[in-house]
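I am opening a notebook on a structure that is new to me, and I want to write down what I look up in the order in which I look. The entries go from single terms to strands, sheets and the chain as a whole.

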Amino acid sequence: MTETDDAIGDGDDRARLVGTNHVALEVGDIDAALEFYESLFVFDLRSHGETKAFIDMGDQFIALAETDGASETSDDARHFGLVVDDADRVAERLDELDIDRLDVRGLEFHDPWGNRIQIVDYEEIQFTKADHVLEGMDLDDLEKTDDAIAELAEKGLNPDDRE
């Protein structure tokens, strides 16, 4: 895989990707899934039904859907990355709860239904929430590392340049 600053394709005939609204995960039991995720993370529950629940992440969410075949396979390459305010605390909770980490660089694990999850610190990556969203989530004290700011600046997205 090579990195490039060039947009893939050109023209006005297609929409441009802006971000991710939500990730949908299949789980075997909705209440057990909420218990599992609550054992690792602090979150607000957007809504909860008999077979679906929605974990709020400010302007995004995780949709959990109870299905019969949720545990039939485990994702080895497919995964999603969750951004947290403190990855070390997640690592500590994984250890306390005896949840196996994957033997990869970084912090990754499977939930009980085989969904592969990667944990990344907000401060270390280019992903940025708007100030008003962070404030609404009571996370307005989060900052970015110099490397993350440089990565944003390379794309002309340095938040400090907008003032």
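**Entry 1: a term, and one strand.** Before anything else I note that a residue counts as buried when its relative accessible area is under 20%, and as exposed when that area is over 50%. I also note that I am reading a predicted model. With the cut-off in hand I looked at β4, where 5 of the 7 residues are buried, so this strand is largely enclosed by the rest of the structure.

**Entry 2: the sheet around β4.** In which order do the 4 strands of this open sheet stand? I read the order as β1-β4-β3-β2, with mixed pairing. At the edges I found β1, residues 22–27, and β2, residues 44–48, each of them pairing on one side only. From one strand to the next the twist averages 20°.

**Entry 3: the two partners of β4.** I went through the pairings on either side of this strand. Strands of a sheet pair through backbone hydrogen bonds, and they do so either parallel or antiparallel. Strand β4, residues 60–66, runs parallel to β1, and 6 bridges join the two. Along this pairing I located valine 23 opposite isoleucine 62 of β4, and glutamate 26 opposite alanine 65 of β4. With β3 the sense is antiparallel, again over 6 bridges, and here I found aspartate 56 opposite phenylalanine 61 of β4. I then followed the chain through the hairpin that β3 and β4 make, which leaves 2 residues between the strands and in which glycine 58 has a positive phi near 75°.

**Entry 4: a helix on this sheet.** Which strands does helix α1 lie across? I traced the helix over residues 30–40 and found that it lies across β1, β2, β3 (52–57) and β4, while its direction makes about 140° with that of β4.

**Entry 5: the second sheet.** Further along I came to an open sheet of 3 strands in the order β5-β7-β6, where the pairing is also mixed. Because β5 and β6 stand at the edges with a single partner strand each, one side of each is left without a neighbour in the sheet. Ignoring direction, I note that neighbouring strands of this sheet are turned by 30° against each other on average. Helix α2, residues 87–96, packs on the sheet and touches β5, β6 and β7, and its direction makes about 40° with that of β6.

**Entry 6: β6 against β7.** These two strands pair in the antiparallel sense over 4 bridges, with β6 covering residues 107–110. I picked out leucine 107, which stands opposite isoleucine 119 of β7, and glutamate 108, whose bridge partner in β7 is glutamine 118. The hairpin formed by the two strands has 5 residues between them, and glycine 114 in its turn takes a positive phi of about 90°.

**Entry 7: arginine 116.** Is this residue, which lies in strand β7 (residues 116–121), buried or exposed? Its relative accessibility is 13%, so arginine 116 counts as buried. Setting aside neighbours within four places in sequence, I listed its contacts, among them Asp75, Asp76, Phe80, Leu102, Glu108 and His110.

**Entry 8: phenylalanine 80.** I found this residue in strand β5, residues 80–84, and because its relative accessibility is 10%, phenylalanine 80 counts as buried. Not counting residues up to four places away in sequence, phenylalanine 80 touches Val23, Leu25, Ile62, Arg116, Ile117 and Gln118. Two of the names on that list took me back to the pairing of valine 23 opposite isoleucine 62 of β4.

**Entry 9: the whole chain.** I finished by stepping back to the protein chain, which has 4 helices and 7 strands, running from the N terminus as β-α-β-β-β-β-α-β-β-α-α. Along its principal axes the C-alpha trace spans about 45 × 40 × 35 Å, and 28% of the 163 residues count as buried. Among contacts with a separation of 6 or more, 54% come from residues 24 or more positions apart. The chain exposes about 11700 Å², with carbon and sulfur atoms supplying 44% of that area. Lastly I looked up the charges, 14 positive and 47 negative, whose mean positions are 4 Å apart.

Methods
Residues numbered from 1 in each chain as written. Predicted model: local features only at pLDDT ≥ 70, side-chain atom pairs only at ≥ 80, totals over all residues. Heavy atoms only, no water. Pairing = 2+ DSSP bridges. Axes fitted to C-alpha atoms, helices over the stretch in contact; angles between N-to-C directions. Contact = heavy atoms within 4.5 Å. Buried < 20%, exposed > 50% of the residue type's maximum accessible area, 1.4 Å probe, protein only. Areas by Shrake-Rupley, 256 points an atom, 1.4 Å probe, with all protein chains shown as cover. Lys, Arg positive; Asp, Glu negative; His and termini not counted. Charge placed at Lys NZ, Arg CZ, Asp CG, Glu CD.
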